[in-house]
2 protein chains.
Amino acid sequence: MIIAIYGMGLIGGSIGRTIVKNTKHYVIACDIDPSSMLKAKMLGAYHEEIDDNNISRADLVIIAVNPYQTLNLLEELPAKLKRGAVITDTCGVKRTIVSKMEELKKIYPEVEFLGVHPMAGREFSGIAHSTTSLFEKAYFIITPVHTGIEALVKVKNLFKEIGCEGVVTASADYHDKVIAYTSQLAHIVSSSYVKSPMSKEHHGFSAGSFKDLTRVAKLNPNMWTQLFMSNKDYLLEEISQLIEHLSEYKEAISGENFQELERLLSEGVKRKEYADKLAKEKISE
Amino acid sequence: MIIAIYGMGLIGGSIGRTIVKNTKHYVIACDIDPSSMLKAKMLGAYHEEIDDNNISRADLVIIAVNPYQTLNLLEELPAKLKRGAVITDTCGVKRTIVSKMEELKKIYPEVEFLGVHPMAGREFSGIAHSTTSLFEKAYFIITPVHTGIEALVKVKNLFKEIGCEGVVTASADYHDKVIAYTSQLAHIVSSSYVKSPMSKEHHGFSAGSFKDLTRVAKLNPNMWTQLFMSNKDYLLEEISQLIEHLSEYKEAISGENFQELERLLSEGVKRKEYADKLAKEKISE
């Protein structure tokens with residue numbers, strides 16, 4: 001099929017390169033930055049640039065740009081596509097995107113819409129850091145918008161073809177609630193954690209904790225600002241909750257309440273074991 | 001030389017096994033738990049049990065038990081040792097330990113004292129999880145107590161013989177200040193992070209952030225309670241600071257202050273890059 005990719009950044013570029021390398025699909029692409037297009041061309045991330053002619057023949061469109069730009073692109077696109085074409089995106093938030101898709105679906109019932117969030121990324125952004133192994137063993141989350149079964153299968157198959165291991169179907173609301181915790185809060189914590197004046201002294205003083213806790217601090221500030229603002233309510237809930245939990249430890253330590261501190265730590269061990277156990281069960285299902 | 005190890009847990013057991021496997025030193029050991037001694041014997045972590053006779057011939061004593069038990073053991077040991085013997089420990093806090101060593105040095109000037117903190121560990125404790133590769137590429141920190149050069153070299157060589165890559169010499173105070181951040185705060189954050197009700201939903205919703213942020217939540221509650229309480233002042237400072245930083249992000253998000261949020265995130269990126277750059281420079285020195 002003809003696959004159009006908007007945005008030749010880390011995600012769009014990696015999707016393009018992997019499709020070109022491992023499948024028979026034909027990739028057309030574009031990016032507002034000409035130098036990204038040039039690099040993408042050299043890295044073999046697409047076959048042809050998108051124009052008014054070829055976009056009308058695309059079977060599947062993947063929008064891989066920042067959340068706010070995605071909303072803008074979504075407005076323009078459906079009018080250019082053929083009947084039955086599928087529009088999807090790769091944003092890390094889904095409520096804003098999917099509700100826009102729902103609006104558009106009413107206007108363009110002949111176009112299929114589907115939200116996708118591939119659970120893959122790196123601490124670097126841009127086409128220069130794209131790889132053809134980014135999606136290996138990754139999960140991807142889909143949030144359907146009254147999507148027909150054929151379109152669903154088309155997208156699922158493509159993500160599996162480029163290496164994804166499993167798919168999770170979720171409502172946009174559930175997606176955003178869980179992602180606020182598993183991914184967004186982690187980025188906020190890493191970014192906060194690295195701000196201690198002690199961060200520059202870390203070398204030789206850690207067996208990995210510092211590295212783990214600060215890995216994702218090296219994020220793309222503009223994109224993550226958009227992601228955080230698009231998920232404000234759930235994210236604020238998680239930050240507040242984490243601050244409350246940290247305060248419990250702080251209080252137990254400052255009050256030298258040994259029993260309470262040991263209880264708090266034991267509870268943490270149990271929660272971690274429970275979370276890991278559920279994940280294992282899901283994998284073996 | 002004859003090396004005595006008190007405590008056949010994860011650290012003591014791994015040290016014993018690695019010495020027995022990779023060196024010609026003779027290891028004598030003990031543990032208050034007979035079943036740990038039996039497992040340690042089966043895993044080849046020592047040659048002979050410590051008794052009143054052989055301990056008097058030990059060249060080096062490594063105390064690898066919890067901080068409070070270490071303080072107790074330190075009281076008993078010097079009287080049993082020969083002239084020039086070295087007493088060291090493996091605790092994750094150094095001020096309490098080293099100040100006790102300093103007291104004892106005045107009473108037993110013929111014994112050498114030296115604090116050690118091998119930067120190696122696992123999310124599991126006990127001899128059953130010991131390995132002979134635990135110290136590979138690890139750093140270890142030493143905090144001398146008017147230690148003679150011969151004793152210093154003896155200990156450094158041993159830790160290099162069992163696989164350690166580098167040694168950092170630090171005052172107990174500096175050690176505790178940096179460790180409060182690089183290791184202890186990471187454990188508090190992991191333990192707090194995993195407490196969100198969303199932790200049980202994480203499967204399929206992360207590309208690794210959840211795993212990174214919660215890896216060390218699976219700690220040994222009793223030992224870490226002792227470590228945290230022994231480093232109360234510096235740890236409280238770090239927790240308070242992290243809560244302040246988290247609150248800045250929270251405020252920017254709740255006030256929809258895009259510019260401020262992007263500034264906070266950019267500052268995090270710079271701090272992370274700076275910390276990593278300094279670490280690389282130290283390695284290449």
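In chain A, strands β7(A) and β8(A) run parallel to each other and are held in register by four bridges. One of the residue pairings here puts A:I141 opposite A:V168, the latter sitting in β8(A). All of this comes from a predicted model, and that applies to everything below.

Stepping back to the whole sheet of chain A, eight strands line up as β3-β2-β1-β4-β5-β6-β7-β8, in an open arrangement with mixed pairing. At the two ends sit β3 (48–49) and β8 (166–169) of chain A; each has a single partner strand, so one side of each goes without a neighbour in the sheet. Helix α3 (residues 67–76) of chain A lies across three of the strands, namely β1 (2–6), β4 (60–63) and β5 (86–89) of chain A, and runs at about 150 degrees to β4(A).

Now for chain B. Its open sheet of eight strands reads β3-β2-β1-β4-β5-β6-β7-β8, again a case of mixed pairing. Here β3 (48–49) and β8 (166–169) of chain B are the edge strands, pairing on one side only. Further in, β5 (residues 86–89) and β6 (residues 112–118) of chain B are parallel and share four bridges, and B:T88 faces B:L114 of β6(B). Two helices of chain B that pack on this sheet deserve a mention. Helix α5 (residues 95–107) of chain B touches β5, β6 and β7 (139–144) of chain B, with its direction at about 170 degrees to that of β6(B). Helix α7 (residues 172–193) of chain B touches β6 and β7 of chain B, and its direction makes about 145 degrees with that of β7(B).

That leaves the question of how the two chains meet. The contact involves 94 residues of chain A and 94 residues of chain B. Put as accessible area lost, a common way to give the size of an interface, the figures are as follows. Chain A and chain B bury about 9000 Å² between them, with 68% of that on carbon and sulfur atoms. On the chain A side, A:Y181, A:K195 and A:F205 lose the most area to chain B, and together they account for 10% of what that side buries.

Polar links cross the interface too. There are six salt bridges between chain A and chain B, including one in which the side chains of A:K232 and B:E256 come to 3.2 Å, N to O. Residue pairs in polar contact across the interface number 34. As for which elements of chain A supply two or more residues to the side touching chain B, the list is β7 (139–144), α6 (172–193), α7 (209–214), α8 (221–229), α9 (232–254) and α10 (258–284) of chain A. The top contributor is α10(A), with 19 residues. By residue type, the side of chain A that touches chain B splits into 49 nonpolar, 27 polar and 18 charged.

Notes: Residues numbered from 1 in each chain as written. Chains lettered and ligands numbered in written order. Predicted model: local features only at pLDDT ≥ 70, side-chain atom pairs only at ≥ 80, totals over all residues. Heavy atoms only, no water. Contact = heavy atoms within 4.5 Å. Buried area = accessible area lost by both parts, 1.4 Å probe. Salt bridge = Lys/Arg side-chain N within 4 Å of Asp/Glu carboxyl O. Polar contact = N/O pair within 3.5 Å; in protein donor to acceptor, adjacent residues only side chain to side chain. Nonpolar A, V, L, I, M, F, W, Y, C, P; charged D, E, K, R; others polar. Pairing = 2+ DSSP bridges. Axes fitted to C-alpha atoms, helices over the stretch in contact; angles between N-to-C directions.
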